[in-house]
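This report concerns the pockets and the ligand surroundings of a single protein model. Please examine the sequence and the structure before reading on.

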Amino acid sequence: MKIKICGITNLDDALAAAEAGADALGFVFYDKSPRYIEPFEARKIVDALPPFIQTVGLFVNENSGYINQVCTNAKMQLAQVIDDDSFTDFDVLKFKYIKVIRAKSEKDIIENINNYVLVDAFVEEFGGAGKRVALEWFNKVDCSKIVLAGGLNQNNISEIKDYSFYGVDVSSGVEASKGKKDKQKMVNFVKAVNDIQ
Ligand SMILES: O=C(O)c1ccccc1N[C@@H]1O[C@H](COP(=O)(O)O)[C@@H](O)[C@H]1O
């Protein structure tokens, strides 16, 4: 199962997340988030990362031009896109992307799993709120192309053992405070994910 640690705001946390075993690091380019990072600052972190760590830029209701520009400037390899009202023209995106499903019901999930997606809980602030998605909504779903997000941590990750998700995405569950990761929580989370595989 792939592991993404999101909301990286500084080099120390980025290197600790990579050392802990994260496959991907997420950088939040949504300026209302307490984990927001300027593209130029993200690029400095990316330039200092070891090889084989994927960099993911997170966008909320942005147009393709902005996403292309920020991913270029910040050296993001993947765009994670929340697109509630068709702001983004995916046909002109220059970067590989994964759509976010902010799930309010089982129907939201079943209708959207024809490709790789990231499923997070629906929250007004768009994400990073530590809120879980109801696991029973996945009981009738092939989860092999789903990245699960929302309220995950070292103590509850064992609950997803039997669902065979493609990956997991965590932010607040490995934080000391919003925007500051806790190194031990990251190590413990990665170990807990590996323990259920
Ligand atoms: O992290 C944020 O601040 C954020 C802001 C706006 C949209 C999405 C955001 N985070 C995403 O939400 C998931 C789950 O967060 P958590 O683990 O429940 O705190 C996070 O991994 C990001 O993909």
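The text below treats the annotated domain, then the two pockets, and finally the ligand.

The coordinates come from a predicted model. According to the UniProt annotation, taken from an unreviewed entry, residues 3-191 form the "domain: N-(5'phosphoribosyl) anthranilate isomerase (PRAI)". Within this span, helix accounts for 24% and strand for 24% of the residues, and the end C-alpha atoms are 11 Å apart.

**Pockets**

The largest pocket encloses about 900 Å³ of space. Its lining comprises 33 residues, and those nearest its centre are Tyr97, Ile98, Lys99, Tyr116 and Val117. Six strands each contribute at least two residues to this lining: E1 (2-5), E3 (54-60), E4 (78-82), E5 (96-103), E6 (117-121) and E8 (167-170). Strand E5 contributes the most, with 7 residues. By class, the lining of the largest pocket contains 17 nonpolar, 6 polar and 10 charged residues.

For the second largest pocket, the volume is about 480 Å³. Here 34 residues form the lining, with Arg35, Asp120, Gly127, Gly128 and Ala129 nearest the centre. Two or more lining residues come from each of E3, E4, E6 and E8. In this second largest pocket the greatest share belongs to E6, which gives 3 residues. The lining of the second largest pocket divides into 16 nonpolar, 11 polar and 7 charged residues.

Strands E3, E4, E6 and E8 thus appear in the lining of the largest pocket and also in that of the second largest pocket.

**Ligand surroundings**

Which residues come nearest to the ligand? Among the 23 residues around the ligand, these are Ser33, Arg35, Gly151, Asp169 and Ser172. Arg35 is also one of the residues nearest the centre of the second largest pocket. Asp169 falls within the range of strand E8 (167-170).

Three contacts to oxygen atoms of the ligand are listed here.

| Residue | Protein atom | Distance to a ligand oxygen atom |
|---|---|---|
| Gly130 | backbone N or O atom | 2.9 Å |
| Gly151 | backbone N or O atom | 2.9 Å |
| Asp169 | side-chain N or O atom | 2.7 Å |

On its own, the ligand has 510 Å² of accessible area, and the protein covers 99% of that area. Gly151 and Asp169, both listed in the table, are also among the residues that come nearest to the ligand.

Definitions and conventions. Residues are numbered from 1 along each chain as its sequence is written. This is a predicted model: local features need pLDDT of at least 70, side-chain atom pairs count only at pLDDT 80 or more; totals for chains, interfaces and linings use all residues. Side-chain values use heavy atoms; hydrogens and water are left out. UniProt positions are given in the numbering used here, feature names are shortened, and annotations may be inferred rather than shown by experiment. Helices (H or I, at least four residues) and strands (E, at least two) are DSSP runs, numbered from the N terminus. On a 1 Å grid over the protein atoms alone, a cavity is a set of points where a 1.4 Å probe fits but cannot get out, and a pocket is an open set with protein on both sides within 12 Å along at least five of seven lines; lining residues have an atom within 4 Å of a point. Grid points are joined across faces, edges and corners, and a volume is the space filled by probe spheres set on the points. Ala, Val, Leu, Ile, Met, Phe, Trp, Tyr, Cys and Pro count as nonpolar, Asp, Glu, Lys and Arg as charged, and the others, Gly among them, as polar. A residue is near a molecule or strand if one of its heavy atoms lies within 4 Å of it. A polar contact is a pair of N or O atoms within 3.5 Å; within protein, one must be able to donate a hydrogen and the other to accept it, and residues adjacent in sequence count only if both atoms are side-chain atoms. Accessible areas come from the Shrake-Rupley method with a 1.4 Å probe; for residues, only the protein chains shown count as cover.
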